[in-house]
Amino acid sequence: MIVIEVFMRRYLPSLSALHSFEAAARYMSFTKAAEDLGLTQSGISRQIKNLEDFLGVTLFHRSGPRLVLTEIGANYYRDVALTLDKLQEISIDAVRGRAVDSSLVVGAHPTFAARWLPPRLSSFIKSNPDIPLEVMPATPATEFETTRLDVAVLRGAGTWLHARAIELFPETLAVVASPDLIPLGQKLQPLAFSNFPMLQNSTRPSLWLNWLRLAGLSYTGRIHGVRFSHHEMIINAAINGMGIAVIPAFYIERELKSGQLHMPFGAPIRSNDSYFVVYPERKAHNPNIILFRDWLIRESRKSL
């Protein structure tokens with residue numbers, strides 16, 4: 001009797017084609033995908049064409065200069081992103097010799113991760129020494145259906161698709177200055193802010209206008225001053241007397257306490273946003289996420 005074994009090849013496209021597709025869909029740009037992966041734009045285009053030929057479907061349409069995922073492409077992107085994340089996790093697991101499921105990938109705004117988190121994080125590490133932590137940048141635009149983040153601290157109104165969110169604390173905005181610019185203890189009328197250079201945040205360009213509106217102030221002049229890309233730069237610029245700045249008050253607790261900065265225009269004003277602990281719905285029952293979530297809530301209550 002002759003036994004014939006049939007080995008079927010897996011119906012799988014090349015990994016390089018999947019990488020190219022995932023990057024192009026994430027950036028909605030062949031050019032940015034090429035920069036990210038160290039390829040040429042034509043190389044990305046060729047990989048995606050090969051992938052479309054292999055699958056027999058169209059993944060992208062062009063709408064003028066814009067790249068648009070087809071409905072099939074959008075569904076495929078979601079699944080491919082999750083699969084590539086899982087491949088990355090099991091590869092890291094093989095290298096470091098411990099289960100990735102035991103670790104936590106925590107996302108936060110860079111200034112939050114640099115200022116609020118580190119002084120408190122040691123207590124979590126001390127209580128949970130067997131949970132490896134990775135902290136990485138995250139934005140309010142994080143897509144929780146595909147992100148590799150386990151949990152994040154984000155500013156917003158509390159609504160993220162495919163995620164659960166619990167409020168940690170409200171945001172309050174303070175207008176601060178260095179004693180080198182405005183003497184410590186000097187109190188000024190709020191509209192006197194216009195006499196000083198106003199440091200601006202390019203990622204939150206409406207901060208000054210928000211503060212004016214929340215303070216009930218009518219001002220029609222220009223907002224003039226150096227523009228920086230995030231709060232850490234602005235805080236350092238304000239400390240060095242380059243201008244006054246609108247800063248979330250909890251970022252500068254240390255500087256206010258030491259007198260490096262002060263609030264000559266009055267107390268902080270509550271903004272319309274709060275900070276939330278947010279985690280994917282698909283990971284809602286992960287015990288390590290629940291541990292970290294509950295720890296964050298306790299720590300945030302101490303700050304109130």
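Which residue forms a salt bridge with Arg293, and how far apart are the closest N and O atoms? The partner is Asp294, and the closest N and O atoms of the two residues are 2.9 Å apart. The model is predicted. Its largest nonpolar core holds 38 residues, its aromatic pairs number 21, and its salt bridges come to 16. The points below take up the cores, the surface, the aromatic rings, the salt bridges, helix H8 and the backbone.

**Nonpolar cores**

- Within the largest nonpolar core, the members that touch the most others are Phe112, Ile247, Tyr251, Phe292 and Leu296.
- Four helices and strands from the earlier part of the list of contributors, each giving two or more residues to this core, are strand S3 (104-108), helix H6 (118-127), strand S5 (151-156) and strand S6 (163-176).
- Two or more residues also come from each of helix H8 (231-239), strand S9 (245-248), strand S10 (269-280) and helix H10 (287-303).
- Phe292 is in contact with Leu104, Val106, Leu121, Phe124, Leu133 and Val151, when neighbours within four places in sequence are left aside.
- Another core lies apart from the largest one; it has 20 residues, including Leu18, Phe30, Leu67 and Val80.

**Helix H1 and a nonpolar surface patch**

- Ser20 belongs to helix H1 (residues 15-27).
- With a relative accessible area of 1%, Ser20 falls under the 20% limit and is therefore buried.
- Not counting residues up to four places away in sequence, Ser20 touches Leu37, Leu39, Ile44, Gln47 and Ile48.
- Leu15, Leu87 and Ile90 make a nonpolar surface patch of about 260 Å².
- Of these patch residues, Leu87 is found in helix H4 (residues 71-96), and its relative accessibility of 37% makes it partly exposed.

**Aromatic rings**

- The ring centres of Trp208 and Trp211 are 5.9 Å apart and the ring planes stand at 90°, so this pair is edge-to-face.
- Both tryptophans lie in helix H7 (residues 207-214), three residues apart, which is about one turn of the helix.
- Trp208 and Trp211 are both buried.
- A cluster linked by ring pairs contains Phe112, Trp116, Phe169, Phe250, Tyr251 and Tyr275.
- Two members of that cluster, Phe112 and Tyr251, are also named among the residues with the most contacts to other members of the largest core.

**Salt bridges**

- Side chains of opposite charge can pair when their charged atoms come close.
- In the pair of Arg293 and Asp294, Arg293 has 16% relative accessibility and so counts as buried, whereas Asp294, at 28%, counts as partly exposed.
- Lys302 and Glu299 meet through their side chains in a salt bridge of 3.0 Å, N to O.
- Lys302 and Glu299 both lie in helix H10, three residues apart, or about one turn of the helix.
- The two ends of this bridge differ in burial: Lys302 is exposed at 62% relative accessibility, while Glu299 is buried with a relative accessible area of 9%.
- Asp79 forms a salt bridge with Arg78, and their closest N and O atoms are 3.4 Å apart.
- Asp79 counts as partly exposed at 37% relative accessibility, and Arg78 is partly exposed with a relative accessible area of 27%.
- A network of salt bridges links Arg115, Glu232, Arg254 and Glu255.

**Helix H8 and its surroundings**

- The buried residues in H8 are His231, Ile234, Ile235, Ala237, Ala238 and Ile239.
- The cover over these buried residues includes helix H5 (110-115), strand S7 (200-201), H7, strand S8 (227-228), S9 and helix H9 (253-258).
- Just after H8, Gly241 adopts a positive phi of about 75°.

**Positive phi outside glycine**

- Most residues other than glycine have a negative phi.
- Met28 is not a glycine, yet it has a positive phi of about 50°.
- Met28 sits in the loop between H1 and helix H2 (30-37) and, at 32% relative accessibility, counts as partly exposed.
- His162 is not a glycine either, and has a positive phi of about 60°.
- The location of His162 is the loop between S5 and S6, where it is partly exposed with a relative accessible area of 43%.

Technical notes
Residues numbered from 1 in each chain as written. Predicted model: local features only at pLDDT ≥ 70, side-chain atom pairs only at ≥ 80, totals over all residues. Heavy atoms only, no water. Core = buried A, V, L, I, M, F, W, Y, C linked by side-chain atoms within 4.5 Å. Buried < 20%, exposed > 50% of the residue type's maximum accessible area, 1.4 Å probe, protein only. Contact = heavy atoms within 4.5 Å. Patch = residues over 30% accessible without salt bridge, like charges linked within 9 Å, V, L, I, M, F, W, Y side chains within 5 Å. Areas by Shrake-Rupley, 256 points an atom, 1.4 Å probe, with all protein chains shown as cover. Salt bridge = Lys/Arg side-chain N within 4 Å of Asp/Glu carboxyl O. Phe/Tyr/Trp six-rings, centres within 6.5 Å; stacked < 30°, edge-to-face > 60°.
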